[in-house]
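This report takes a predicted model one topic at a time. Helix packing comes before the RNA surface and the local backbone details.

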Amino acid sequence: MILRMSTLFLRTLRDDPADAEVPSHRLLVRGGYVRRVAPGVFTWLPLGFLVYRNVEAIVRDEMDRAGFQEVHFPALLPREPYEQTNRWTEYGDTLFRLQDRKGSDYLLGPTHEEMFTLLVKGEYSSYKDLPLVIYQIQSKYRDEARPRAGILRGREFVMKDSYSFDIDDEGLARSYQRHRDAYISTFQRLGMDFVIVSAMSGAMGGSASEEFLAPTEVGEDSFVRCSSCDYAANVEAVLTPAPSPVDPTGVPAAHVEQTPETPTIETLVDLSNARTDLARADRPWNAGDTLKNVVFMVTAPDGVRAPLAIGVPGDREIDMKRLEAALQPGVAAVFDENDFAARSSLVKGYIGPGALGETSSSGIRYLLDPRVVDGTRWITGANEPGRHVFDLVAGRDFTGDGVIDVAEVREGDACPECGSDLLLARGIEIGHIFQLGRKYAEALDLKVLDESGRLVTVTMGSYGIGVSRAVAAIAEQSHDEKGLIWPREVAPADIHLIATGKSDEVFGVAERLADALSAHGVRVLFDDRRGVSPGVKFNDSELLGVPTIVVVGKRLEEGFVEVKDRRSGERQDIPVDDVVEVIRTIVAA
RNA sequence: CGGGGCGUAGCGUAGUGGCUAGCGCGCCUGCUUUGGGAGCAGGAGAUCGGGAGUUCGAAUCUCCCCGCCCCGACCA
C-alpha cells in the first residue's frame, strides 16, 4: 500500500482549532484525521478512517477468535421493544427519538440489549442451543447533555457490543470470563495502557461488572488502585472498610451545648476549640470529629419522592456520583428551601440524629457512613438553631436505619482488600463487561426448555468496547508536543517516507523504495510532494504520528537514507541498499 | 438545566457608531528557493451566526432566536 501525499485527501492545520481542548481532539483535527459535522458528530477522513478500521479489525479479530459470532442490527429501531423494558421512558432525553411519516415512534439505538434478546428469542428455544455469544459493531446514538472532547464523547459513536446467553449462572460466569480474556488481548494489541476496575452495573441492572479504563488526566471516570495489592475500582464502586467497634466506656453522657452561629462544620470546629469548657484535653477537635447530616430528596423511577438523610464524618463530602450509583435507579437532589420549609423538624445547619430515622418523629430514613461504627463519639446537630450535641455515641445514643457508602473517596484511604493506601486517578472508559442476569430475558420473555423439559429464563451478559472512543483514547495516551504517535498496529501506515530536495534523483530513489517496501507488504505513507519545503514535511510527519519516518534527502549523495523512530526520536543512517531489509525488520518487530 | 466564555474567509484572528472589513496561515498564477512550517510579485475567497429594531450611517448599540467551547448537573 502506498498513500501519496501529493494526492491524499488531507489538509493539516498549522494552528490548533479554537474549539479543541484535550490533546486527542486537537491533534486528530490538526492532523486531518477527523472533522466535526455537528456537536458530538464527526467525519472520518482518509487517514482517520484507516486508523479507525485498524482498531475495528483488531476488536473484530479478538471477538472471532473467542468464538463469538458477528451480526448487524439496524441503528434505526422501533419503539415497542424499548417500551417493553421501560427504557423508552427510563433513558429519558438521552434517547434520540424520531417519527416516520405515519407518526410511528422510532429511536436511534443507544445500545441493543432488547434487539439481541428478541433475536435470540425468535430463533432459539432449547438449552441445547446455549451457550451463545453474538456481537455487532455498530453506530450508537445518545443525545448527550454535553458532548465533549471530540470523539472521546460523541453523540454518535461506534461500539462493539456483545451479549451472552446462558442457561445458568455458571455458564454466565464462563461467558463473562471469555470476554474478560478477549478484552485483555484486544487492548494489549491496541497498544493501550489500561486497568480493570470493579464497577457498578449502572442503569443496565445486573450484578458482576468491571470496567476497562485507559488512565489519562482527561478521563471522565475516577478510579482508585491500591498501592500494594491489585485492588482497583471505579470510585462509584469503592467499598469503605468499616473500622472495628470502639468501647465507649468512659465517654461522658451526651450533652447539648450552645453553639451560636455555627451552621457549618468549619465554624463548629473553631468554636469547639475556642471554648475551654468544650475543648478536648488530648488534641484539638477537627472536622472528622463531627457528624454531618445531609438530607436529599430521592425520586424513584415511578415518580415517588421521599427524603433521605445521610450521616458522614464532617471532613468528608458526599460524592454525588457515588450516591447516584448507590440509589440507582432512583435520583437524588439536595434538599432545597421548599423541602426544608415543608419539614419544620429539620433545622438547616443543625440537623442531628435525634430528628432522623424511620422510627423518629420525622420518619425520615437515616443511613450512616460505614465509619460511624458503634462506640464512635461525635459532635452533631441538636435540631435547634445554635445548638449542637457533644459526646453522642453511635450505638449508645443513636442508630441509623442502615449503612450507605457514598462519602467521597480520597487518595490515601484504606484499601478494602489489604488496608494499604489507595491511589486516585482518572481514566477513559474503553470497555465494560457485566453480568446482566435475567432482567432483559424476563422483560422480553426469553425462555428455553431445559433438560427436564421445563421453561427456564435465560441469563445474559452484556459487553461493550467503545471502538471510536478507543481511537481517541489511544491518541490521548500516545502523543507528544509535536503530534500523535500511533502504535504500529493501529497506525495509518507503517512508515512515513519523505522525499526532500530538488533533485529528480531523490524522488526517483524514494519512488523505488516505496515500491519495494509496498511489495513486501509494508504500508507506506509517501510524501512525494514537490516544491514543499523540508520543514513542512518534517513537521507533518511528526504531527501525523506514523511510527517510523524514513527520509530520502540530503544524505543520499553519500548513499544514506535516514530512518527515524517517531516515539524515541532516535535516527540512524542506513545505506540505500540495506533500507528495505532494515525497515522490514523494524516493521516486523 | 445552572454558571462562565464566545460566534468576522477553509483555519487562527484584529476591528466598541463613520471611507471599499484588516492581518497571518492555507488556496490560485508566475519567478526564485529546497534539511525544520521559504522569498518576491500578482490574485481568488466574508449574506461579519440569523431575524427584528434604533440611527443619516451598524460587524460595532438594543431585543429575540440559533450555535459553539469550558465548568457543574446528567450520562455505557
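## Helix H2 and its two partners

H2 and H11 are roughly perpendicular to each other, because their angle of about 115° falls in the range of 65 to 115 degrees. Helix H11 covers residues 467-477. The axes of H2 and H11 are 9 Å apart. Their crossing is right-handed. On the H2 side, the contact uses Val51, Tyr52, Val55 and Glu56. These meet Val467, Ser468, Ala470, Val471 and Ile474 of H11. By class, the H2 contact with H11 has seven nonpolar residues, one polar and one charged.

H2, residues 46-65, also packs against helix H6, residues 169-189. Here the angle is about 150°. The axes of H2 and H6 are 9 Å apart. H2 and H6 are therefore roughly antiparallel, since the cut-off for that class is over 145 degrees. This crossing, too, is right-handed. H2 contributes Ile58, Val59, Asp61, Glu62, Met63 and Arg65. H6 contributes Ala182, Tyr183, Ser185, Thr186 and Arg189. The contact of H2 with H6 holds five nonpolar, two polar and four charged residues.

## Helices H12 and H14

Helix H12 spans residues 504-519, and helix H14 spans residues 579-588. They pack at an angle of about 45°, with 10 Å between their axes. H12 and H14 are therefore oblique to each other. H12 passes H14 in a right-handed crossing.

Which residues make the contact between H12 and H14? From H12 come Leu513, Ala516 and Leu517. From H14 come Val579, Val580 and Ile583. The residues of this contact divide into six nonpolar, no polar and no charged.

## Ser518 and the N terminus

Ser518 sits in helix H12. Along the chain, Ser518 and Met1 are 517 residues apart. In space, their C-alpha atoms are separated by 5.4 Å. The side chain of Ser518 reaches the backbone nitrogen of Met1 at 2.8 Å.

Set aside the neighbours within four places in sequence. Ser518 is then in contact with Met1, Ile2 and Val524.

## The surface near RNA strand B

How many residues surround RNA strand B? The count is 46. The closest are Arg14, Pro39, Arg153, Glu542 and Glu562. Of the RNA atoms that come within 4 Å of the protein, sugar and phosphate account for 48%. By class, the surface near RNA strand B has 24 charged, 14 nonpolar and eight polar residues.

Three side chains illustrate the polar pairs with the RNA. Glu562 places a polar side-chain atom 2.4 Å from a base nitrogen of RNA strand B. Asp15 also faces a base nitrogen, with a polar side-chain atom at 3.5 Å. Ser533 pairs with the backbone of the RNA: an N or O atom of its side chain is 2.9 Å from a phosphate oxygen. Several elements give two or more residues to this surface. The helices are H8 (320-327) and H13 (534-544). The strands are E22 (422-437), E25 (459-466) and E31 (560-565). H13 provides the largest share, seven residues.

## Local backbone features

Leu130 and Pro131 are joined by a cis peptide bond. Omega there is about 0°. Where does Pro131 lie? Pro131 is in the loop between helix H5 (113-123) and strand E8 (132-141).

Asp391 has a positive phi of about 55°, although it is not a glycine. Asp391 belongs to strand E20, residues 387-393.

Methods. Residues are numbered from 1 along each chain as its sequence is written. Chains are lettered from A and ligands numbered from 1 in the order in which they are written. This is a predicted model: local features need pLDDT of at least 70, side-chain atom pairs count only at pLDDT 80 or more; totals for chains, interfaces and linings use all residues. Side-chain values use heavy atoms; hydrogens and water are left out. A residue is near a molecule or strand if one of its heavy atoms lies within 4 Å of it. A polar contact is a pair of N or O atoms within 3.5 Å; within protein, one must be able to donate a hydrogen and the other to accept it, and residues adjacent in sequence count only if both atoms are side-chain atoms. Helices (H or I, at least four residues) and strands (E, at least two) are DSSP runs, numbered from the N terminus. Ala, Val, Leu, Ile, Met, Phe, Trp, Tyr, Cys and Pro count as nonpolar, Asp, Glu, Lys and Arg as charged, and the others, Gly among them, as polar. Axes are lines fitted to C-alpha atoms, for helices over the stretch in contact, and angles run from 0 to 180 degrees between N-to-C directions. Angles under 35 degrees count as roughly parallel, over 145 as roughly antiparallel, 65 to 115 as roughly perpendicular and the rest as oblique. A crossing is left-handed if the near helix is turned anticlockwise from the far one by less than a right angle, and right-handed if clockwise. Contact means heavy atoms within 4.5 Å.
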